[in-house]
Amino acid sequence: MSDAAFPFAVRASAHETSSRAPLFPLRAADVRLTLGGTAAIDGLNLTLSGDGITTVIGPNGAGKSLLLKMLHGLIRPDTGEVTWGGAPAESVTQRQALVFQTPVLLRRSVAANLDFVLKNRGGDPARRDALLTHVGLAHKARQPARRLSGGEAQRLALARALATDPEVLFLDEPTASLDPASTLAIEEIVRESRDAGMRIVFVTHDIGQARRLADEVVFLHQGRVLEQTQADAFFDGPATDAARAFISGRIVV
Amino acid sequence: MQNMTEATWLALQLVLSGDADLLEIVALSLQVSLSATFLACLIGLPLGALVAISRFPGRGAVLVVMNALMGLPPVVVGLIVYLHLSRSGPLGFLGLLYTPTAMIIAQTILIAPIVAALSRQVLEDMHSEYAEQFRSLCLGRWQAMQALIWDARYALLTVGLAGFGRAVAEVGAVIIVGGNIDHLTRVMTTAIALETSKGALSLALALGIVLLVIALGVNAAVQGVRMSAARHAYV
């Protein structure tokens, strides 16, 4: 997005050097979540290690967003457990950040939205301008956040997430309603974050986007992980009929 | 008894000439009601915010009580405050009865529930939008309350205005605890009641005109602020 140096102190080997307990591996074990009498997540098992970008793909209703919120500790499963390095998901939420599909921006200026997070999460207030430059919003710092376009709003949400200096960044279809230019801008920031050492878990149902971004793919279908493999292997030869149908654009229900 | 036309003309003369008695009464009214509004907001806004973001057993009952208290009869509030501040009451030693302070206390009790109940509704609606984001950011309850109150500031201005409107227009509480003493506790509403009973309609009407102008002016100011905020997408 910009030539500015990455605007926060991502630890190159964060998971090894941090004095805090390691976050990885992430394990979701036999997780089940029922919504309105229907199993939205149904006996899901997943293990993630600590590097790169994992894209979680699958058709609408597969449970992608719910899975993300469970991993982030916002939702507790009915049964099963989600642990990060052995610790419950809720106990490490503050070491992660989540960018929602629809950004919820405060009714303040663009700059004040970042100031709010930096202040409440103990961040360095001086980082605000660097973050805004990083996401290409420095020239809009004084504008009301809710006047931003969809792409700008999502970039601000991303900057806000980065302001928390997360070790893991979750993104829930952040480009679902954006034009191609805005989508590419978001993807570039995500890649830069990955290159700076941040672990990325990116939910999308856009196959092209998954191809562009993913180091690893998790294919979700009807609340279960059907495939988890390296991106090249997945796109070259998916192992399940559902994944093949999804990639080829045929309807999967 | 003055006729209506004559009374209105005299009232306008009083208003336009800046009659000293009139100004004194208006000033005390504003002092009492603005102070009460300020105190009610100090109490009611955090209370409304706390209830808005909290889930606890019996919350429904709390909401019913909060809403019911919006309809507190002023004379009942005045009576309760009177009983507490009278010489034989538990707070009689403070010597506050028949002072502007007593009137501020009574009006604060009267409008704090209004501010709390209305702000709870405003903040709860906003919290439903912000809650997941706040949880993701690991904000504490106090941080969330502060953020909600600040972001809802323009809507809460209207809540404060509703409280002020109730305070400046009520007569029952302030006449009981203030006593309508000339140059000490006489405010617009108590003066209107007194002058009307005496048949001196000109001062009563003049005060009525001022009361209406204040109500219109405050409403216009808040509306202007809200429109400005809406233009900047802050509401």
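This is a short dialogue on reading a sheet and a helix pair in a predicted model.

Reader: Let's start with the sheet in chain A. What is the order of its strands?

Author: Here is the general idea: strands of a sheet pair through backbone hydrogen bonds, either parallel or antiparallel. In chain A, six strands form an open sheet in the order β6-β7-β8-β3-β9-β10, and the pairing is mixed. At the edges are β6 (96-99) and β10 (224-230) of chain A, each paired on one side only. From one strand to the next, the twist averages 15°.

Reader: In which sense do β7 and β8 of chain A pair?

Author: Strand β7 (residues 168-172) and strand β8 (residues 199-204) of chain A are parallel, joined over five bridges. To find your place, look for Leu171(A), which stands opposite Phe202(A) in β8(A).

Reader: Which helix lies across β6 and β7 of chain A?

Author: That is helix α5 (residues 150-163) of chain A, which runs at about 170° to β6(A).

Reader: Now to chain B. What does UniProt list for residues 26-222?

Author: An unreviewed UniProt entry gives "domain: ABC transmembrane type-1" for that span of chain B. Residues 26-222 of chain B are 79% helix and 0% strand, and the end C-alpha atoms lie 20 Å apart.

Reader: At what angle do α3 and α5 of chain B pack?

Author: Helix α3 (residues 59-69) and helix α5 (residues 100-136) of chain B pack at about 130°, with axes 8 Å apart. That angle makes α3(B) oblique to α5(B). The crossing is left-handed.

Reader: Which residues meet there?

Author: Met66(B), Asn67(B) and Leu69(B) of α3(B) meet Pro113(B), Ala116(B), Ala117(B) and Arg120(B) of α5(B). By class, this contact has five nonpolar, one polar and one charged residues.

Notes
Residues numbered from 1 in each chain as written. Chains lettered and ligands numbered in written order. Predicted model: local features only at pLDDT ≥ 70, side-chain atom pairs only at ≥ 80, totals over all residues. UniProt positions renumbered as here; feature names shortened; annotations may be inferred. Helix = DSSP H or I, 4+ residues; strand = E, 2+ residues; numbered from the N terminus. Axes fitted to C-alpha atoms, helices over the stretch in contact; angles between N-to-C directions. Parallel < 35°, antiparallel > 145°, perpendicular 65-115°, else oblique. Left-handed = near helix turned anticlockwise from the far one by under 90°. Contact = placed C-beta atoms within 7 Å. Nonpolar A, V, L, I, M, F, W, Y, C, P; charged D, E, K, R; others polar. Pairing = 2+ DSSP bridges.
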